[in-house]
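Open the structure in your viewer and keep the sequence panel at hand. This tour tells you what to select at each stop and what is there.

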Amino acid sequence: MSQRVAVVTGAARGIGAAIAVRLAADGLAVAVLDLEESACATTVGRITDAGGRALAVGADVSDAAAVNAAVERVASELGPPVVLVNNAGVIRDNLLFKMTDDDWETVMAVHLRGAFLMSRACQKYMVEQRWGRIVNISSTSALGNRGQANYSTAKAGLQGLAKTLAIELGPFGVTANAVAPGFIETDMTKALSQQQTDALMAQIPLGRLGRPEDIAHAVAYLASPQAGYVTGVELHVNGGMYMN
Ligand code: NAP
């Protein structure tokens, strides 16, 4: 196969940016997909400055037409996407009695509908190539977490989606897995107070917060040829912190 092509959603910053940079360092051409194409410039620049190939793609992963157009563009400008990392995510935390319909729908749309639409659009190229890797970014919150009924449900759903895609696409040489990060230092977690961070730290046996690169290493393994017999699993990358 010529240079493999990856699509990483939500790759303008945080964990997605680290994954995109790491996959490019492993030799893949990378479509850096995020809501705004212009927001992808920094990640694309990090990749191209290091001698890699990257393409900035603007698309809302919850919009079917935008997803289909984005994946077709990746195929024509970079090549058939055979690695997909469903990383785009949002949080709308609240206790159940205060959670609005919009809080619920938004989280389901970005995480679940987004991963479904992206996987459906990319699987065609993977099946044609008889080779593919899908990695869904889940969370320790899939095990249950106070104030995150929407997010926990969506993240558990992403694990179920990976297990089902592993069954359906396995015969075509395509693996599907989930990576479940613990508490990782990104914009998403900046909003926590020092008190909340200290409480979390006390539960982390490895004694430090996670870094986006910790997740990128795990994704790089699951996306590699060497992980060809690993499918339908959840890889927890959390310093030993489990919610339950
Ligand atoms: P982040 O810094 O907030 O980055 C998320 C990225 O996704 C942003 O660039 C965001 O774009 C993009 N995005 C949001 N909605 C989108 C949509 N509809 N279509 C396309 N892109 C969209 O988050 P992060 O901390 O890196 O998290 C990345 C993933 O890891 C998420 O799935 C998250 O749930 C998961 N995770 C994170 C942690 C953690 O501790 N940070 C722990 C467990 C799991 P905008 O900037 O334009 O909104």
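**Stop 1: Asn86**

Select Asn86. This residue is buried, because its relative accessible area is 5% and the cut-off for buried is under 20%. Keep in mind that the model is a predicted one.

Which strand holds Asn86? Colour strand 4 and you will find the residue there.

Now show side chains. The side chain of Asn86 makes a polar contact with that of Asn136, at 2.9 Å. A second polar contact, at 3.3 Å, joins the side chains of Asn86 and Ser119.

Leave out neighbours within four places in sequence, and look at what else surrounds Asn86. Its contacts include Thr9, Gly114, Ala115 and Met118. Ile134, Val135 and Ile137 are also among them.

**Stop 2: Ser119**

Move to Ser119. You are now in helix 4. Is Ser119 buried or exposed? Ser119 counts as buried, because its relative accessibility is 4%.

Beyond residues up to four places away in sequence, Ser119 touches Leu84, Asn86, Ile134 and Leu165.

**Stop 3: the sheet**

Hide side chains and switch to a cartoon view. How many strands form the open sheet? There are 7, in the order 3-2-1-4-5-6-7, and their pairing is parallel. At the edges are strand 3 (54-58) and strand 7 (234-237), each paired on one side only. From one strand to the next, the twist averages 20 degrees.

Start at the strand 7 edge. Select strand 6, residues 174-181, together with strand 7. These two strands pair in the parallel sense over 4 bridges. Pick Pro181, and opposite stands Val237 in strand 7.

Next, add helix 2, residues 41-49. Helix 2 packs on the sheet and touches strand 2 (29-34) and strand 3. Compare directions: helix 2 makes about 170 degrees with strand 3.

Then add helix 4, residues 101-129. Which strands does helix 4 touch? They are strand 1 (5-9), strand 2, strand 4 (81-86), strand 5 (132-137) and strand 6. The direction of helix 4 makes about 160 degrees with that of strand 4.

**Stop 4: the strand 3 edge**

Go to strand 3. This strand is mostly covered, with 4 of its 5 residues buried. It runs parallel to strand 2, and 5 bridges join the two. For a marker, select Val32, which stands opposite Ala56 in strand 3.

Select Ala54, also in strand 3. Setting aside neighbours within four places in sequence, Ala54 is in contact with Val30, Val32, Val44, Ile47 and Thr48. Draw a distance from the C-alpha of Ala54 to that of Ala6. The two are 9.4 Å apart in space and 48 residues apart in sequence.

Step along to Leu55, again in strand 3. Leu55 is buried, as its relative accessible area of 12% shows. What does Leu55 contact, apart from neighbours within four places in sequence? The list is Val30, Ala31, Val32, Val44, Arg73, Val74, Glu77 and Leu78. Draw one more line, from Leu55 to Val135. Their C-alpha atoms are separated by 20 Å, and their positions lie 80 residues apart along the chain.

**Stop 5: Arg130**

Select Arg130, in the loop between helix 4 and strand 5. Is Arg130 buried or exposed? Arg130 is exposed, because its relative accessible area is 52% and the cut-off for exposed is over 50%.

Check the backbone here too. Most residues other than glycine have a negative phi. Arg130 is not a glycine, yet its phi is positive, at about 55 degrees.

**Stop 6: the ligand**

Finish at the ligand. Select the residues around it: there are 28. Which of them come nearest? They are Arg13, Asp34, Asn87, Tyr151 and Thr186.

Zoom in on the ligand's oxygen atoms. One is 2.5 Å from an N or O atom in the side chain of Tyr151. At Ile15, a polar backbone atom is 2.8 Å from an oxygen atom of the ligand. At Ile184, a backbone N or O atom also lies 2.8 Å from a ligand oxygen.

Last, show the surface. Taken alone, the ligand exposes 900 Å², and the protein buries 90% of that.

Definitions and conventions
Residues numbered from 1 in each chain as written. Predicted model: local features only at pLDDT ≥ 70, side-chain atom pairs only at ≥ 80, totals over all residues. Heavy atoms only, no water. Pairing = 2+ DSSP bridges. Axes fitted to C-alpha atoms, helices over the stretch in contact; angles between N-to-C directions. Contact = heavy atoms within 4.5 Å. Near = heavy atom within 4 Å. Polar contact = N/O pair within 3.5 Å; in protein donor to acceptor, adjacent residues only side chain to side chain. Areas by Shrake-Rupley, 256 points an atom, 1.4 Å probe, with all protein chains shown as cover. Buried < 20%, exposed > 50% of the residue type's maximum accessible area, 1.4 Å probe, protein only.
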